[in-house]
Amino acid sequence: MKCKRLEEVLELLGEHWRKEPDLHLLDLLHKIAEEVGESKNLDALRDEVLIYQLKMRGKDKSEVIPGLKKDYEDDFKTALLKARGILSE
C-alpha cells in the first residue's frame, strides 16, 4: 500500500470510527466486511474495497462513484458527443 493510499484509508476510517467510537477497530472492520457481503472474510477488504466502501458508506445506491463524477454526464447523447470530440467540455 502506498503512502497516499494509507493516508486516505486512515482519514476515511477515522471519519467513520468517530461516528461509532464505542467499537474496536476490528469490530468496525467486521461491520464494513458485512456491508460488502464478506462477513466472515476480512481478507476481502483490500485497500481498494475499503476505500470505496468508506467513501460510499451511507450514500444512496444510485449516487455516482467519487472519482468518476468528473467524467459523469446525465445525458448519454452528450457523453457520446463529448467522447467523439464533437462537443467540448
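Just after helix α3 comes Gly58, a residue whose phi angle is positive, near 80 degrees. The model in which we read this angle is a predicted one, and it helps to ask early how confident the predictor was. Across the protein chain the mean pLDDT is 83, with 87% of the residues reaching 70 or more. Confidence is highest in helix α2, residues 25-35, at a mean of 92, and lowest in helix α4, residues 76-83, where the mean is 79. As a rule, predicted coordinates should not be read in detail where pLDDT is low.

Returning to α3, which spans residues 47-56, we find that Asp47, Leu50, Ile51, Gln53, Leu54 and Met56 are buried in this helix. The buried residues of α3 pack against two other helices, α1 and α2. In helix α1, which covers residues 3-19, one can look at Leu6. The C-alpha atom of Leu6 is separated by 9.6 Å from that of Ile51, although the two residues are 45 apart along the chain. Leu6 counts as partly exposed, because its relative accessible area is 40% and that class lies between 20% and 50%.

Helix α3 also takes part in the largest pocket, giving the most to its lining, with three residues. The space in this pocket comes to about 170 Å³. Eleven residues line the pocket, and those closest to its centre are Tyr52, Gln53, Met56, Lys59 and Lys61. Sorted by class, the lining is made up of six charged, three nonpolar and two polar residues.

Conventions: Residues are numbered from 1 along each chain as its sequence is written. This is a predicted model: local features need pLDDT of at least 70, side-chain atom pairs count only at pLDDT 80 or more; totals for chains, interfaces and linings use all residues. Side-chain values use heavy atoms; hydrogens and water are left out. Helices (H or I, at least four residues) and strands (E, at least two) are DSSP runs, numbered from the N terminus. Buried means under 20% relative accessible area, exposed over 50%, partly exposed in between (1.4 Å probe, protein chains only). On a 1 Å grid over the protein atoms alone, a cavity is a set of points where a 1.4 Å probe fits but cannot get out, and a pocket is an open set with protein on both sides within 12 Å along at least five of seven lines; lining residues have an atom within 4 Å of a point. Grid points are joined across faces, edges and corners, and a volume is the space filled by probe spheres set on the points. Ala, Val, Leu, Ile, Met, Phe, Trp, Tyr, Cys and Pro count as nonpolar, Asp, Glu, Lys and Arg as charged, and the others, Gly among them, as polar. pLDDT is the predictor's confidence in each residue, from 0 to 100. Contact means heavy atoms within 4.5 Å.
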